[in-house]
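User: Could you take a close look at the aromatic side chains in this one? I'd like to know which rings pair up and how they sit against each other.

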Amino acid sequence: MSEPIPVTRTTDHGTAKLMPDIDRERAWLLTVDGAPQSYVDLDEPAHLEFEYVRRLGHVLDVAAGAGRAVDVVHLGGGALTLPRYVAATRPGSRQDVVEADRGLLDLVAEHLPLPAGSGVALHAADARAWLEAAPDDHADVLIADVFGGSRVPAHLTTLAYAREAERVLRAGGVYLANLADGAPFAFLRSQLATFAAVFPELVLIAEPGVLRGRRFGNAVLVASHRPLDTAALARRVAADAFPARVEHGAAVRRFTGSARPVQEADAVPSPEPPGGAFGSPQA
């Protein structure tokens, strides 16, 4: 059998490259404009390589109960890592994936096809426009992992956007977002303030070095109308290869400080990462 070779394609929003992992037979790394976006093992869809994706998976598993079918909306598609994970670990789930880059969706469908009967519907659309058109009470979980280049687009940071997310979620639903920031955390604090204005329960997950301002990195924001089992979540993220901390309650309020919810007129993208910040799959 011939060895898999890298695939490079210019898509709607950049240059996408699929690179085979020499250590895992049917595993691939997706980069867009050189930045790692997704890692997929076609033989082991429950394998989550990137640390922030593992944290999103941990939240899903703690919030939704093991093995239970759920309805999930994914804003941002990449190589469909989490949709594959949900389909494998929660058979019968219904999932919508919203990805603005149709060319990227086509590339992934061609080279990393979803298994038959996966229950995943793909939508080539702007994340916020799709969300605004979605019906009320549509999903149990909404996961936002949208980056234009290496920055979260401004229109996915506002109070109006947070209210749309809350509307689309069911009463017990959970919102998860992958964000990126570094000290002094103006962007991350503003996002916490924005979602605190809509959801009473917030959780923040990140590596201690990121939370202490020592380096730029990913942070997972979790928002809901019901308390999550933060002790169970903390045990899971502490056991990872790159352990993280789970902050909630007063700790999140202290971190948020005097930040205010983001209005449409004031919205800005997340900050540009410093050079090399996301140069490895641990980003």
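Analyst: Here's a walk through the aromatic pairs, with a bit of context on the fold first. Keep in mind that this is a predicted model. The protein has nine helices and 12 strands. Its radius of gyration is 18 Å, and the globule rule gives 19 Å for 283 residues, so the protein is as compact as a globular protein of that length. Of those 283 residues, 52% count as buried. Among contacts with a separation of 6 or more, 70% come from residues 24 or more positions apart.

Now the rings. The count comes to six aromatic pairs. One of them joins phenylalanine 185 and phenylalanine 255, and it's tilted: the centres are 5.2 Å apart, with 55 degrees between the planes. That pair links distant parts of the chain, since phenylalanine 185 is in the loop between β9 (169-181) and α6 (186-196), while phenylalanine 255 belongs to helix α9 (residues 250-256), 70 residues apart. Both phenylalanine 185 and phenylalanine 255 are buried.

Phenylalanine 195 and phenylalanine 199 make another pair, this one stacked, at 6.3 Å centre to centre and 15 degrees between the planes. Burial is defined as under 20% relative accessible area. Phenylalanine 195 has 2%, so it counts as buried, and phenylalanine 199, with 2%, is buried too. These two rings also have company: Tyr161, Tyr175, Phe195 and Phe199 form one aromatic cluster.

Technical notes:
Residues are numbered from 1 along each chain as its sequence is written. This is a predicted model: local features need pLDDT of at least 70, side-chain atom pairs count only at pLDDT 80 or more; totals for chains, interfaces and linings use all residues. Side-chain values use heavy atoms; hydrogens and water are left out. Helices (H or I, at least four residues) and strands (E, at least two) are DSSP runs, numbered from the N terminus. The radius of gyration is taken over C-alpha atoms; the globule rule is 2.2 Å times the number of residues to the power 0.38. Buried means under 20% relative accessible area, exposed over 50%, partly exposed in between (1.4 Å probe, protein chains only). Contact means heavy atoms within 4.5 Å. Rings of Phe, Tyr and Trp (its six-membered ring) pair if their centres lie within 6.5 Å; planes under 30 degrees apart count as stacked, over 60 as edge-to-face and the rest as tilted.
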